[in-house]
Amino acid sequence: MKAIRRFTVRPVLPEPLRPLSDLARNLRWSWHAQTRELFRSVDPGRWAASGDDPVRLLGSVPPARLAELAQDASFLERLAAAARDLDDYVTGDRWYQLQPAGLPAAIAYFSPEFGITAALPQYSGGLGILAGDHLKAASDLGVPLIGVGLLYRHGYFRQTLSRDGWQQEHYPVLDPNELPLALLEEADGTPARLRLALPGGRSLHARIWLAQVGRVPLLLLDSDVEENDLGERGVTDRLYGGGSEHRLLQEMLLGIGGVRAVRTYCRLTGHPAPEVFHTNEGHAGFLGLERIAELCEGGLDFDAALEAVRAGTVFTTHTPVPAGIDRFDRELVARHFGPDAELPGIEVGRILQLGMETYPGGEANLFNMAVMGLRLGQRANGVSLLHGNVSREMFSGLWPGFDPDEVPITSVTNGVHAPTWVAPEVFRLGADRIGARRMEDALTVGGSDRWDAVADIPDQEVWELRRVLREQLVQEVRERLRASWRQRGAGTAELGWVDGVLDPDVLTIGFARRVPSYKRLTLMLRDPDRLMSLLLHPERPVQIVVAGKAHPADDGGKRLVQELVRFADDPRVRHRIVFLPDYGMAMAKKLYPGCDIWLNNPLRPLEACGTSGMKAALNGCLNLSVLDGWWDEWFQPDFGWSIPTADGTGTDPDRRDDIEAAALYDLLEQRITPRFYERGRDGLPDRWIEMVRRTLTLLGPKVLAGRMVREYVDRLYTPAAHAHRAMTPDAARELAGWKARVRSAWHAVTVDHVETSAAAPTAELGSTLSLRVRVGLGELGPEDVEVQAVSGRVDGEDRIADASTVPLKPVGSPDTDGRWVYEGPLSLDRTGPYGYTVRILPSHRLLASSAELGLLAVPSQETGEGGGVLLR
């Protein structure tokens, strides 16, 4: 019989054990080994059965065991020490508190998903794991972040396989009362609520759950409340589920509702109000509209409010392809805003302008969330150097006339939270050399370029560690594979072969990620016979562990999963290659450390960053990857191998896959397996061990989330906070008025004549030319613009590369035609074909970039010397 109502019955802890509840409710336990060990000692069997979830553990421990622990002096002493340690961690000064004054009082960080721990399954892939690592690293550094997301009642989905290898999705219901969450409550004890207006007089209500991530509060909005109709209750049902309107409502709740949740949290707790708002991808872009509405209610007009909001907003893009961006029909967006719906004080047309693709190749009827994010954020970044380049090219239409490298999108390369992803055995090996506290600081704060202490670890210990981790992975794989086959309908008598799957002494390759087509899950199957010979090589075999989920609506991705599963089911190779369903954080924590090689073979340059290889590297695993994302930036032969790419525009996709798969097989056959299996004089693979050592020494410090968050603080958050403070209401009105004046007058800004002191088409290195330019400024004055000389080497079509810019100075007053003369030096500091041009840009003290308005004036073909070649 089914119950008609469900309750969560919480345990009543004896008074001496009350600190256990606080430890369980702060998610720091998910990356703090001593706290996890304390919970494991409560009941090792139930700890394992709970999936290492202390909330579930405490709900299952018998009262007799709790009473026994309440009398156990040794346990109580460890409990008190853990409670003191957490209090010191939460309240003490950390890196952020020791920096010079001027840093943001608080930052609000919005993301549609957060991967904190398997016990809080609110993530689908890399974006969520990155967001979770960002919060944890911010906590370790003491950065005053407030996380904002949605609480999905079904999370993403759980993956199983049918007998024939087809992906099947399952959506278990998550009860927030059984998760490490607490309701945000008003002073009178009632749950805090927020409301969004919907078309037709309807409303979308939500409550706010609080997950405490170390020092960082994470606010999760939940629409499954009694005040909502059935449709509105389902807004936060699934991550990335439903049609366009469902997704739009999710993103309105995340952005608009999220700002209201932050205001409520700060009002109730006294937390400083955020000076900076960071939107992790475009899903939360509507937060800027809510902040504009707040300022309009305070007396600013829309344009001034827009400038004030932009000053304190950071936008991070994660996608390298337009197809990966959320885009909505403009009529759908228009229906959900305006007098009959949300934000009635803002004209719908102004909202639509922020997201419209008003550039060549854009679709006029679509509202683009990334475009809105860029227009609402004064600072933007990609997530690796290569991805920054791709993003500047992809969004260059928003800054017409500027070269892509001048588009104001920078990059901060992602990092990973080492305490979460480093295996305990790896941590202990480091702690034995430098001490636990120094090891913890090295993994969290970072700051050094090298981990030289790794050099002191003997080869024998390195190799023994790698084998222990590989052996643990083998056991984990066998358990998961047996469970998967039972789900597929196999009986116990059929599964004796599972005990022989994988070998702890065989070179082990890992490949685990989401399964969109560009990640090429099945590239390794391009030549099945060649792969089979690698797997079954008599002296140098390899074994491969594969995992990944295809989006429920992506049948193409599901076919890729099925193709790989069917190959792995072949009795000839099933002991050497396995597919593990339901890839998630719990599996990943065993997978990364246990592999010798981490494989990544996306279509370059479609991997924005790809942090899984970073997690593997922190455990001494070597990378084998296409030069894409972070690997393009930091690859060295010391750290692994690069797969050559055939990414020329003339190569068709099938031919490209053939070429790159052949390159992958060649690397494995000729370079990787020989190095793993060759032995030196002491019987160890000394050349392989040296690569492991150099990966840890030189790559380890680079891939830390602590390094990433410190970069965000220094390069984006702090400048955004300073801009926010400078953007007083009067300054915002001034800047908005100035921009309107400049835009309306720009048509009259011209470069009329350019001349230099060069008498010949050649000149000597180190010489300086005088440059004289006559410009028309129309209704603008020299205080509104900057006239620049742009120079550098030129190619065969006179395009300037590696350009340097020098501002020119106005000379005297305008002539009778209203023209101004500008002069300045032009230093010839490079040999070879060299050219220059002149341009005019808007200039104002409150601009973050001279390209911000997307306006510039350059010489016409007839103007003076134009971009003449000066040297060869």
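**Close-up views of a predicted model**

The lining of the largest cavity consists of nine nonpolar residues, one polar residue and three charged residues. The model shown in these views is a predicted one.

**View A. The largest cavity and its lining.** A search of the whole structure finds seven cavities of 30 Å³ or more. In the largest cavity there is about 80 Å³ of space. Rolling a probe the size of a water molecule over the atoms shows where empty space is left. The lining of the largest cavity is made up of 13 residues, and those nearest its centre are Leu 481, Trp 485, Ala 568, Asp 569 and Phe 579. Three elements each give at least two residues to this lining: helix 19 (459-487), helix 21 (555-568) and strand 17 (577-580).

**View B. Strand 18 and the strands paired with it.** Strand 18 covers residues 597-600, and its side chains point in two ways: Ile 597 and Leu 599 one way, Trp 598 and Asn 600 the other way. All four of these residues are buried. Strand 15 (residues 507-512) runs parallel to strand 18, and two bridges join them. Within this pair, Ile 509 stands opposite Ile 597 of strand 18. Strand 18 also pairs with strand 19 (residues 622-626), in the parallel sense and over four bridges. Leu 624 in strand 19 is the bridge partner of Leu 599. To get from strand 18 to strand 19, the chain passes through helix 23 (residues 612-617), and this β-α-β crossover is right-handed.

**View C. A cis peptide bond after strand 18.** The bond between Arg 604 and Pro 605 is a cis peptide bond, with omega at about 5°. Pro 605 lies in the loop that runs between strand 18 and helix 23. This loop is therefore part of the crossover path shown in View B, where the chain goes from strand 18 through helix 23 to strand 19.

**View D. An open sheet of four strands.** The strands are arranged in the order 21-22-26-25, and their pairing is antiparallel. Strand 21 (750-756) and strand 25 (809-811) are the edge strands, and each of them pairs on one side only. On average, neighbouring strands of this sheet are turned by 30° against each other, direction ignored. Strand 22 (residues 768-776) pairs with strand 26 (residues 819-827) in the antiparallel sense, over nine bridges. Across this pair, Val 775 stands opposite Trp 820 in strand 26.

**View E. Glu 281, a residue with positive phi.** Glu 281 is not a glycine, yet its phi is positive, near 75°. The residue sits in the loop between strand 9 (276-280) and helix 10 (287-297). Is Glu 281 buried or exposed? Its relative accessibility is 8%, and because buried means under 20%, Glu 281 counts as buried.

**View F. Asp 582, with positive phi in a loop after strand 17.** Asp 582 has a phi of about 65°, a positive value, although it is not a glycine. Its place is the loop between strand 17 and helix 22 (585-594). Strand 17 also appears in View A, where it supplies at least two residues of the lining of the largest cavity. The relative accessible area of Asp 582 is 16%, which is under the 20% limit, so Asp 582 is buried.

Notes
Residues numbered from 1 in each chain as written. Predicted model: local features only at pLDDT ≥ 70, side-chain atom pairs only at ≥ 80, totals over all residues. Heavy atoms only, no water. Pairing = 2+ DSSP bridges. Axes fitted to C-alpha atoms, helices over the stretch in contact; angles between N-to-C directions. 1 Å grid on protein atoms, 1.4 Å probe; cavity = no way out; pocket = protein on both sides within 12 Å on 5 of 7 lines; lining within 4 Å. Points joined across faces, edges and corners; volume = space filled by probe spheres on them. Nonpolar A, V, L, I, M, F, W, Y, C, P; charged D, E, K, R; others polar. Buried < 20%, exposed > 50% of the residue type's maximum accessible area, 1.4 Å probe, protein only. Right-handed = clockwise from strand over helix to strand, strands pointing away.
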